[in-house]
Amino acid sequence: MASTDDDVSRKREELERCPPGNDGRDVALFYLADALRERFLEKGEIDDLNEAIMLHRDALELRPVENEKYDRSTSLNDLAVCLSHRYVKLGAVDDLEEAITLGREALQLRSPGCPGRAMCLSNLGSDLQRRFTKKADSCDLEEAIQLHRAALELRPPGHRQRYFTLSALAFSLSDRYEKQGSVRDLEEVVTLGQEQLELRPWGHPDRDIFLHNLARDLRRTFANTAVISDLEESIELHRVALELRPRGHSDRSSTLHELALCLSNRHDEYGVTGDLEEAITLGREALGLHPPGHPDRGESLHSLACDLRKRFVKQAAIHDLEESIKLHRAASELRPSGHPEQPSTLRELALCLSNRHDKLGVVDDLEEAVTLGREALERCPSGHPGHGKSLQCLARDLRKRFVQTTAIGDLDESIELLRPALELCLIGHPAQSSLLHELALCLSHRHDKRGAADDLEEAVLRGRAALELCPPGHPDRGVVLYNISVTGWVKRLAEGENSDDPVMLERVVDNLRALANYHRARFQAQHAIINLHEAIAFYRHMLRFRPAGHPDRASSLHDLACCLADRFREQPAEADLDEAIALEQEAVCLIMRRAPDYHVSRLCLTAYLQMKF
């Protein structure tokens, strides 16, 4: 632009009037360097920045000691700023190292109480933050946070530079949260973001940026604390930000992605299908704005794949799961070994393959899921924010493999993984009930295998704890009932304990019926054969408590026969059909001819016989 060009020209003329030896040469050098830096910021021409650095060096030589005008510290600071700009532009670490050295000297010359100290604190803090990003030395990050806090104290509310320090401190705290996982840091980031947003009122050209950033940090806070108000506020802010980022806006894709994440999280909380459908729609639009080669394409692939898997779980449409697997494999290619997000893609791909194993029964899917789970855990050692999720992911698939192969080593390892995962899970976190349930399942299986009473006792306790976290109406309550019914009282009753307690017996049967019906309904909705296997197992348990002469024996015979017939239709096995016929024949004999159920059982029996012959 003409203004910066004119300014540079004027400053050159002023320098020409101050030849070497002139008392004002250092000032002329400094101002020309400053004008060149401004033009670099506007036009991005590296030659301007290189010349500015050279001129600042010359000015610094003419300012060997500090004076009452703080000339030397000003030159040190501005030369450091230019070197920092060049580091950002070209990536030469030597420039950053020199900028830090110069920044430290400038700060020493601006002792507490001196004007301009806040500027030196802030600039040195930003350069240390950059070095942390490059080298991951926590000492740099800690010092950067300390310097930014000191600068913020010198820039109270109303100070025109306060906004920049708020932003820098929030950025450093966000990095520390990513490295250490401290929720307190994230909560402070949100507080700082709220103040930043207040400083960017309606009509400000940057308001969309701070709406987006605050909404993102509220979502991350929700992920740690499960406070639903944070998620609701995040969604509201993202919707406003999206209005300020219409089609064609360069940052629209990032808000689409974040809003999709929020809606997906709210679906996880409430199960509202509309949230998941909108998340998928937004995710597809975001992916369309991130074509091959875009730096954010991997994240868009990953998020859309996660939401498609969730829809598969809800609707059982296998094409959603197949697309999810395809997208996760594409994302994994963009997240090779060493990429910070590689573990999350490995875990999610493992979960998809595990789901497909449940649906289709392909052993290779489960084997690959276990392999991917181990790789994810290796990438997330103790202390890593993803360590707990990786423990749970691998433990789940090892338990499934035990069910397939009965290899007790898989079960032992699963239990060993679940215990530390449970310790890492915050009380009240949504994952707590599923961890308790998974551990109860594993302990129950091990009791069946080895007969250790302690395993059964702990399984009952863990199951009850899981049930308390899943009140009536909770989508996982049916599954968790397993821990109370089968894992606990049913097995004890089967072993002859408390068999004379009619109240406990009726409670067991009620729980078994609820669980069997739950798995049967899931099979009818999703057609995953594993649910039918579970329903049959629970109906068999129920039948044991409804012997000959029991008034409800006929209904239990009929329910079990229906499930066996359904399994025959899915996976033809003569034994299932023969048993279904036998059970339904017995049910018909037990039902009075005038009863409504008699006609239903006769129709089912006729259908089974036609399937047979």
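Axes here are lines fitted to C-alpha atoms, for helices over the stretch in contact, and the angles between them run from 0 to 180 degrees between N-to-C directions. With that in hand, the helix pairs of this predicted model can be described. Two packed helices are described by the angle between their axes and the distance between the axes.

Take helix 25 (residues 553-570) and helix 26 (residues 574-590) to begin with: their axes sit 8 Å apart and make an angle of about 155 degrees. Angles over 145 degrees count as roughly antiparallel, so helix 25 and helix 26 are roughly antiparallel to each other. Their crossing is left-handed. On the helix 25 side, the residues making the contact include Arg-553, Leu-557, Leu-560, Leu-564 and Phe-568, while those of helix 26 include Glu-574, Leu-577, Ala-580, Leu-583 and Leu-590. Sorted by class, this contact between helix 25 and helix 26 holds twelve nonpolar residues, one polar residue and seven charged ones.

Next come helix 12 (residues 252-270) and helix 13 (residues 273-288), whose axes come within 8 Å and cross at roughly 155 degrees. Helix 12 and helix 13 are therefore roughly antiparallel too, and the crossing of this pair is left-handed. Helix 12 brings residues such as Arg-252, Leu-256, Leu-259, Leu-263 and His-267 to the contact, and helix 13 brings, among others, Thr-273, Leu-276, Ala-279, Leu-282 and Ala-286. The class count for helix 12 with helix 13 is eight nonpolar, six polar and five charged residues.

Helix 12 also spans the number of a cysteine worth a look, Cys-262. How exposed or buried is Cys-262? Its relative accessibility is 0%, so Cys-262 counts as buried. As for bonding, a disulfide is a covalent bond between the sulfur atoms of two cysteines. The working cut-off is a pair of cysteine sulfur atoms within 2.5 Å, and by this rule the model has zero disulfides. Cys-262 fits that picture: it is in no disulfide, and the nearest cysteine sulfur, that of Cys-306, is 14 Å away. Cys-139, on the other hand, has a relative accessibility of 57% and so counts as exposed.

Further back along the chain, helix 6 (117-135) and helix 7 (138-153) are joined by a loop that holds Ala-136. The two helices pack at about 155 degrees with their axes 8 Å apart, and that makes helix 6 roughly antiparallel to helix 7. The crossing of helix 6 and helix 7 is left-handed. Among the residues that meet are Leu-121, Leu-124, Leu-128 and Phe-132 in helix 6 and Asp-140, Leu-141, Ala-144 and Leu-147 in helix 7. By class, the contact of helix 6 with helix 7 comes to ten nonpolar, six polar and three charged residues.

The loop residue Ala-136 has a backbone quirk: its phi is near 60 degrees, a positive value in a residue other than glycine. With a relative accessible area of 43%, Ala-136 is partly exposed. Tyr-70 does something along these lines, with a positive phi of about 60 degrees although it is not a glycine. Where is Tyr-70 found? Tyr-70 lies in the loop between helix 3 (46-61) and helix 4, and at 21% relative accessibility it counts as partly exposed.

Helix 4 (residues 71-90) carries Val-81. This valine is buried, with a relative accessible area of 18%. Leaving out residues up to four places away in sequence, Val-81 touches Arg-37 and Asn-123. Val-81 and Leu-124 are 43 residues apart in sequence, and their C-alpha atoms are 9.1 Å apart in space.

Two more residues show how sequence separation and distance in space can be set side by side. Gln-524, in helix 23 (residues 502-526), is partly exposed with a relative accessible area of 47%. Gln-524 and Ala-316 are 208 residues apart along the sequence and 9.8 Å apart in space, C-alpha to C-alpha. Asp-230 sits in helix 11 (residues 228-243) and is buried, at 16% relative accessible area. The C-alpha atoms of Asp-230 and Pro-292 are separated by 33 Å, with their positions 62 residues apart along the chain. Which residues does Asp-230 contact, leaving aside neighbours within four places in sequence? They are Leu-218, Thr-221, Phe-222 and Thr-225.

How values were computed:
Residues numbered from 1 in each chain as written. Predicted model: local features only at pLDDT ≥ 70, side-chain atom pairs only at ≥ 80, totals over all residues. Heavy atoms only, no water. Buried < 20%, exposed > 50% of the residue type's maximum accessible area, 1.4 Å probe, protein only. Helix = DSSP H or I, 4+ residues; strand = E, 2+ residues; numbered from the N terminus. Contact = heavy atoms within 4.5 Å. Parallel < 35°, antiparallel > 145°, perpendicular 65-115°, else oblique. Left-handed = near helix turned anticlockwise from the far one by under 90°. Nonpolar A, V, L, I, M, F, W, Y, C, P; charged D, E, K, R; others polar.
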